[in-house]
Amino acid sequence: MTSTVMMTALPQFNGLRASKISAAPVQGLATVQPMRRKANGALGARCGDFIGSSTNLIMVTSTTLMLFAGRFGLAPSANRKATAGLKLEARDSGLQTGDPAGFTLADTLACGTVGHIIGVGVVLGLKNIGAI
């Protein structure tokens with residue numbers, strides 16, 4: 001089995017702009033070797049550059065605030081619907097819950113999802129202006 005190496009010009013990107021074009025050898029698909037990873041302890045997990053980072057703190061904060069708002073009645077939920085005037089009024093959704101405030105599994109998933117959406121928007125906005 002022979003391998004063929006050809007020279008092609010590959011553009012390098014920094015964000016959305018092409019910065020430079022470099023000529024690098026490109027190997028055929030049959031000759032590409034899989035990447036070998038070095039194990040990091042018993043589990044081999046690598047999360048040292050994310051835990052405690054600004055992106056992580058933004059995501060945790062936005063999700064926590066949204067869950068807090070849903071649990072303590074500051075946001076609509078399955079048992080509190082929003083009226084046309086954006087007032088929250090109680091109703092019986094028929095969902096079972098063991099929470100005294102009536103926070104259900106559907107509320108937890110919905111508020112967590114909205115919290116993540118808000119967090120992603122904040123992270124992308126701050127990265128776009130170069131703040132993080």
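Contact here means heavy atoms within 4.5 Å. With neighbours within four places in sequence left aside, Phe103 is in contact with Leu67, Gly70, Arg71, Thr97, Thr108 and Cys111. This is a predicted model, in which local features need pLDDT of at least 70, side-chain atom pairs count only at pLDDT 80 or more, and totals for chains, interfaces and linings use all residues. Residues are numbered from 1 along each chain as its sequence is written, and side-chain values use heavy atoms, with hydrogens and water left out.

A look at confidence comes first. The pLDDT (the predictor's confidence in each residue, from 0 to 100) averages 76 over the protein chain, and 65% of the residues score at least 70. Among the elements of the chain, strand E2 (residues 17-27) has the lowest mean pLDDT, at 60, and H2 the highest, at 94.

The protein chain has 2 helices and 4 strands; helices (H or I, at least four residues) and strands (E, at least two) are DSSP runs numbered from the N terminus. Along the sequence they follow the pattern β-β-α-β-β-α. Of the contacts in the protein chain with a separation of 6 or more, 37% are accounted for by residues 24 or more positions apart. The protein chain exposes about 10,400 Å², with carbon and sulfur atoms supplying 63% of that area; accessible areas come from the Shrake-Rupley method with a 1.4 Å probe, and for residues only the protein chains shown count as cover. Buried residues make up 20% of the 132 residues in the chain. The term buried means under 20% relative accessible area, exposed means over 50%, and partly exposed lies in between (1.4 Å probe, protein chains only).

Attention now turns to the nonpolar core. In soluble globular proteins, nonpolar side chains tend to be buried together. A nonpolar core is a set of buried Ala, Val, Leu, Ile, Met, Phe, Trp, Tyr and Cys residues joined through side-chain atoms within 4.5 Å. The largest such core has 5 residues: Met66, Ala69, Ala75, Phe103 and Cys111. Of these, Ala69 is found in helix H1 (residues 54-71) and is buried, with a relative accessible area of 14%. Beyond four places in sequence, Ala69 is in contact with Leu74 and Ala75. Ala69 and Cys111 are 42 residues apart in sequence, and their C-alpha atoms are 8.3 Å apart in space.

Thr97, one of the contacts of Phe103, is placed in the loop between strand E4 (88-90) and H2. At 35% relative accessibility, Thr97 counts as partly exposed. Not counting residues up to four places away in sequence, Thr97 touches Gly102, Phe103 and Thr104.

Helix H2 (residues 105-129) holds Asp107, and Ala110 is found in H2 as well. Asp107 counts as buried, at 5% relative accessibility, whereas Ala110 counts as partly exposed, at 42%. With residues up to four places away set aside, Asp107 touches Ser77, Ala78 and Gly102. Ser77 also serves as a reference point for Ala110: the two residues are 33 apart along the chain, and their C-alpha atoms are separated by 8.4 Å.

From strand E4, Leu88 can be related to Ser77 too, the pair being 11 residues apart in sequence and 9.1 Å apart in space, C-alpha to C-alpha. Leu88 is partly exposed, with a relative accessible area of 32%. Its contacts, again leaving aside neighbours within four places in sequence, are with Gly73, Leu74, Ala75, Pro76, Arg80, Lys81 and Ala82.

Ring geometry completes the picture. A search of the whole structure finds 1 aromatic pair. Phe68 and Phe72 form this pair, which is tilted, at 4.7 Å centre to centre and 45° between the planes. Rings of Phe, Tyr and Trp (its six-membered ring) pair if their centres lie within 6.5 Å; planes under 30 degrees apart count as stacked, over 60 as edge-to-face and the rest as tilted. Phe68 is partly exposed, with a relative accessible area of 44%. Arg71 lies over the face of Phe72, at 5.0 Å from the ring centre; a charge sits over a ring if NZ of Lys or CZ of Arg is within 6 Å of the ring centre and within 35 degrees of the ring normal.
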